[in-house]
Amino acid sequence: MFYFKKIIFYFFLFLYISTAQSAEKIVYLDIDQVLNRTISGKKIIDNLENLRKENMKNIKNKQFDLKTKKEKIEKQKNVFSEEEFKSQILSLENEIRGFNEYSKKISIEFDKKKQKELDEFMKFISPIIENYIREKSITIVLNKKNIFIASKEFDITSEIINIIDKNER
């Protein structure tokens with residue numbers, strides 16, 4: 001009889017502990033969707049896309065110029081003396097090196113600008129999300145990328161998007 005009471009005691013204790021642990025509220029948020037669907041996020045994406053297009057246009061123009069110079073030099077190969085031809089080729093090679101450095105520089109500057117814009121966006125939305133968490137008594141917010149499968153009822157993405165857009169105005 002004593003063992004039976006002990007087993008029942010532990011059984012109810014286990015049930016109570018399991019219930020107490022499940023009282024924590026865990027939700028998830030799709031940060032990419034927040035960036036793509038909020039007003040401020042769309043502005044950032046549009047600005048970055050315009051900058052990327054402008055950079056690509058500049059790179060393609062310089063590439064075309066270098067290709068044209070190379071073709072011009074090759075066509076005039078027989079006109080130039082051997083020494084003059086070598087100096088033209090050397091000059092072209094220097095321009096190509098400069099172009100490669102320019103391309104790397106543009107790429108690095110774009111990546112820095114993108115990171116800076118995304119960091120500023122995260123600084124803008126973090127207090128909004130923290131306030132939402134406090135109001136709704138949420139324990140943990142997970143990024144949707146790190147979740148294998150979850151119920152849609154725990155997705156707070158659309159609510160956060162609406163709140164961010166209201167704070168933007």
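**Exercise 1. List the buried residues of α3 and state what covers them.**

Solution. The buried residues of α3 are S40, G41, I44, L48, N55, I59, L66 and I73. The model is a predicted one. The cover over these buried positions includes α2, α4 and α5. The helix itself has 37 residues and reaches 54 Å from its first C-alpha to its last, close to the 54 Å expected at 1.5 Å a residue.

**Exercise 2. Determine whether S40 is buried or exposed, and name the residues it touches.**

Solution. Step one is location: S40 is found in helix α3. Step two is the accessible area. S40 has a relative accessible area of 10%, and the cut-off for buried is under 20%, so S40 counts as buried. Step three is the list of neighbours: not counting residues up to four places away in sequence, S40 touches F121, F124, I164 and E168.

**Exercise 3. Describe the order of helices and strands along the chain.**

Solution. Begin with the count: the chain has five helices and two strands. Read along the sequence, these follow the pattern α-β-α-α-α-β-α. Then consider the contacts between residues at least 6 apart in sequence: 85% of them join residues at least 24 apart. Of the 169 residues of the chain, 21% count as buried. The chain exposes about 13,300 Å², and carbon and sulfur atoms supply 56% of that area.

**Exercise 4. Identify the residues of the largest nonpolar core that touch the most other members, and say which elements supply the core.**

Solution. The largest nonpolar core has 17 residues, of which L29, V34, F121, I125, I156, I160 and I164 touch the most other members. At least two residues of this core come from each of β1 (26-29), α2 (31-37), α3, α4 and α5 (157-168). The largest share, six residues, comes from α4.

Next, take one of the well-connected members. Leaving aside its neighbours within four places in sequence, F121 is in contact with V34, L35, T38, S40, G41 and I44. A second, separate core has eight residues, including I59, L66, I73 and F85. In soluble globular proteins, nonpolar side chains tend to be buried together.

**Exercise 5. Find the nonpolar patch on the surface and give its accessible area.**

Solution. The patch is formed by I26, I140 and L142, with about 220 Å² of accessible area together. To place one member, note that I140 is found in strand β2 (residues 140-143). With a relative accessible area of 34%, I140 is partly exposed.

**Exercise 6. Which parts of the chain does the salt bridge of D32 tie together?**

Solution. The count of salt bridges comes to five. In one of them D32 pairs with K145, the closest N and O atoms being 3.4 Å apart. D32 lies in helix α2 and K145 in the loop between β2 and α5, so the salt bridge ties together parts that are 113 residues apart in sequence. The two partners fall into separate accessibility classes: D32, at 36% relative accessibility, is partly exposed, while K145, at 58%, is exposed.

**Exercise 7. Work through the salt bridges of K69 and K113.**

Solution. Start with K69, which forms a salt bridge with E95, the closest N and O atoms being 2.7 Å apart. K69 lies in helix α3 and E95 in helix α4, so this pair ties together parts that are 26 residues apart in sequence. K69 is partly exposed at 38% relative accessible area, and E95 is partly exposed at 30%.

Now take K113, which forms a salt bridge with E117, the closest N and O atoms being 3.4 Å apart. Both lie in helix α4, four residues apart, about one turn of the helix. K113 is partly exposed, with a relative accessible area of 38%, whereas E117 is buried, at 18%.

**Exercise 8. State how far R52 is from S107, and K77 from Q88, in sequence and in space.**

Solution. R52 lies in helix α3 and is partly exposed, with a relative accessible area of 36%. R52 and S107 are 55 residues apart in sequence and 9.0 Å apart in space, C-alpha to C-alpha. K77 is found in the loop between α3 (39-75) and α4 (82-136) and is partly exposed, at 48%. K77 and Q88 are eleven residues apart in sequence and 9.7 Å apart in space, again C-alpha to C-alpha.

Methods: Residues numbered from 1 in each chain as written. Predicted model: local features only at pLDDT ≥ 70, side-chain atom pairs only at ≥ 80, totals over all residues. Heavy atoms only, no water. Patch = residues over 30% accessible without salt bridge, like charges linked within 9 Å, V, L, I, M, F, W, Y side chains within 5 Å. Areas by Shrake-Rupley, 256 points an atom, 1.4 Å probe, with all protein chains shown as cover. Salt bridge = Lys/Arg side-chain N within 4 Å of Asp/Glu carboxyl O. Buried < 20%, exposed > 50% of the residue type's maximum accessible area, 1.4 Å probe, protein only. Core = buried A, V, L, I, M, F, W, Y, C linked by side-chain atoms within 4.5 Å. Contact = heavy atoms within 4.5 Å. Expected span 1.5 Å × (residues − 1).
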